[in-house]
Amino acid sequence: GKSYFVLYATSALVNFTGGMAMTAFTLCLWKACNKEHAAVQYALYWSLFIFNTNLLACLGGLLAAAYSWEYFFLFASCIGIFSSLLLIMAVRFLPQR
């Protein structure tokens, strides 16, 4: 049946984790940019990120329609865990300034 509490809790969790991901990505960009060219590099990296986000959102809808939501959810979860681990590794290996 319907559960508004689960809907609201899920929405809050998605927004919270999305904010955490954006913060981690911004920190990664901050560390990757050279101080002399920070504005240009940040703008370029951010535009690539937004382009990929929009492209993957479109393809995600097609994948969810082609397969069941359960398989799509498992696939998206695996990709999310992998990308989080990759981001942690990238932050560790970037040079400290």
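**View 1. Contacts of Phe25 in the predicted model.** Phe25 touches Tyr45, Trp46, Phe49 and Leu87, leaving aside residues up to four places away in sequence. The model is predicted. Phe25 is found in helix α1. Lys35 is 10 residues apart from Phe25 along the chain, and the C-alpha atoms of the two are separated by 18 Å.

**View 2. Helix α1 against helix α2.** Phe25 appears again here, as part of a contact between two helices. On the α1 side, the contact holds Met22, Phe25, Thr26, Leu29 and Ala32. On the α2 side, these residues meet Gln41, Tyr42, Tyr45, Trp46 and Phe49. By class, the contact of α1 with α2 has eight nonpolar, two polar and no charged residues. The axes of α1 and α2 come within 10 Å. They cross at roughly 145 degrees. The crossing of α1 and α2 is right-handed.

**View 3. Helix α2 against helix α3.** Helix α2 covers residues 38–66, and helix α3 covers residues 69–93. Their axes come within 7 Å and cross at roughly 140 degrees. The two helices are therefore oblique to each other. α2 and α3 make a right-handed crossing. From α2, the contact is made by Gly60, Leu63 and Ala64. From α3, Trp69, Phe72 and Phe75 take part. The residues of this contact of α2 with α3 divide into five nonpolar, one polar and no charged.

**View 4. The largest pocket and its centre.** The largest pocket has a volume of about 1,500 Å³. Its lining is made of 31 residues. Of these, Ala21, Ala76, Ile79, Gly80 and Ser83 lie nearest the centre of the pocket.

**View 5. Helices and residue classes in the pocket lining.** Three elements give two or more residues to the lining of the largest pocket: α1 (4–32), α2 and α3. Helix α1 gives the most, with 12 residues. By class, the lining of the largest pocket has 22 nonpolar, nine polar and no charged residues. The helices of Views 2 and 3 thus return here: α1, α2 and α3 each give two or more residues to this lining.

Methods
Residues numbered from 1 in each chain as written. Predicted model: local features only at pLDDT ≥ 70, side-chain atom pairs only at ≥ 80, totals over all residues. Heavy atoms only, no water. Axes fitted to C-alpha atoms, helices over the stretch in contact; angles between N-to-C directions. Helix = DSSP H or I, 4+ residues; strand = E, 2+ residues; numbered from the N terminus. Parallel < 35°, antiparallel > 145°, perpendicular 65-115°, else oblique. Left-handed = near helix turned anticlockwise from the far one by under 90°. Contact = heavy atoms within 4.5 Å. Nonpolar A, V, L, I, M, F, W, Y, C, P; charged D, E, K, R; others polar. 1 Å grid on protein atoms, 1.4 Å probe; cavity = no way out; pocket = protein on both sides within 12 Å on 5 of 7 lines; lining within 4 Å. Points joined across faces, edges and corners; volume = space filled by probe spheres on them.
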